[in-house]
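Biologist: Could we go through this model together? I should like to begin with how exposure is defined.

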Amino acid sequence: MVDTLNLDTLTLRSGSFIDADLQEQFADLLYQVELNDNSLAHLYLVLEHKSYADPLTPFQLLRYMVRIWERDMHEGTSLHPIIPTVVYHGREQWRVARDFREMFSGPEALQVYWPQFRYELQDLARLSDEAVIGNANLQIGMLLVKYIFYPELEDHLSDIFFLFRDLTETQTTPEYFRTVLYYIGHASKPLTVEDRTIVVNP
């Protein structure tokens, strides 16, 4: 599938398609990318903040995909294919249906009426640290999300904060640092109060 994408054309689109009451559980990013035949597609990332696999994730994905297509139509463009990808980092192994058709049961004669799509899954908790590559901004985010629910976070904090040295100094760098500290303080249950209030001097 990746071979059909021209990743050099990856462009972040504005807006979120997550329900307001679910934004504490999910975050999303929508990218537009050119295909090798010069047509367009969407790459839609949904980041699962919960520590468990939600069996309704495929249904929620379908709702968000419909909203993306509605925006396509509102902008007067044709419907672009969507590559939905779930980024998960919970303790439990992901056992949720990967194909939307698996949510249905019934006679084989009715299967032709079942909606069908498949989503990609990136389970960060089972991804090796060596596989976390890219710019420092991306590595910080991925490593933090990977360990946020685990006691091992304490052992990796120094490596994560060390990556801030590789960030280009911009107006957004201090804000990103504050965001990281806020996320650690509110989401990292394994850390003690003393751990959460530690002052880090990278």
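Modeller: Exposed means over 50% relative accessible area, and buried means under 20%. Please note that the model is predicted.

Biologist: Which residues of α1 are exposed, then?

Modeller: Met73 and His74 are exposed, on the other side of α1 from its buried residues. The buried residues are Thr57, Pro58, Gln60, Leu61, Tyr64, Met65, Ile68 and Asp72. They lie on the same side of α1 because they cover an arc of only 155° around the axis.

Biologist: What do the buried residues of α1 pack against?

Modeller: They pack against β2 (26–35), β3 (40–48) and β4.

Biologist: How many residues does α1 have, and what follows it?

Modeller: α1 has 18 residues and reaches 26 Å from first to last C-alpha, close to the 26 Å expected. Gly76, with a positive phi near 75°, follows α1.

Biologist: Turning to His80, is it buried or exposed?

Modeller: His80 counts as buried because its relative accessibility is 11%, under the 20% cut-off. His80 is placed in the loop between α1 (57–74) and β4 (82–88). Beyond its neighbours within four places in sequence, His80 contacts Leu40, Ala41, His42, Trp69 and Asp72.

Biologist: A new topic: how many residues has the largest nonpolar core?

Modeller: That core has 23 residues, and Ile140, Leu144, Leu153, Phe164 and Val180 have the most contacts inside it. α2 (136–147), α3 (153–162) and α4 (172–187) each supply at least two of its residues. The largest share, 6 residues, comes from α2.

Biologist: What does Val180 touch?

Modeller: Setting aside residues up to four places away in sequence, Val180 touches Ile140, Leu144, Phe161 and Phe164.

Conventions. Residues are numbered from 1 along each chain as its sequence is written. This is a predicted model: local features need pLDDT of at least 70, side-chain atom pairs count only at pLDDT 80 or more; totals for chains, interfaces and linings use all residues. Side-chain values use heavy atoms; hydrogens and water are left out. Helices (H or I, at least four residues) and strands (E, at least two) are DSSP runs, numbered from the N terminus. Buried means under 20% relative accessible area, exposed over 50%, partly exposed in between (1.4 Å probe, protein chains only). Contact means heavy atoms within 4.5 Å. The expected span of a helix is 1.5 Å times one less than its number of residues. The arc is that of the directions from the helix axis to the C-beta atoms. A nonpolar core is a set of buried Ala, Val, Leu, Ile, Met, Phe, Trp, Tyr and Cys residues joined through side-chain atoms within 4.5 Å.
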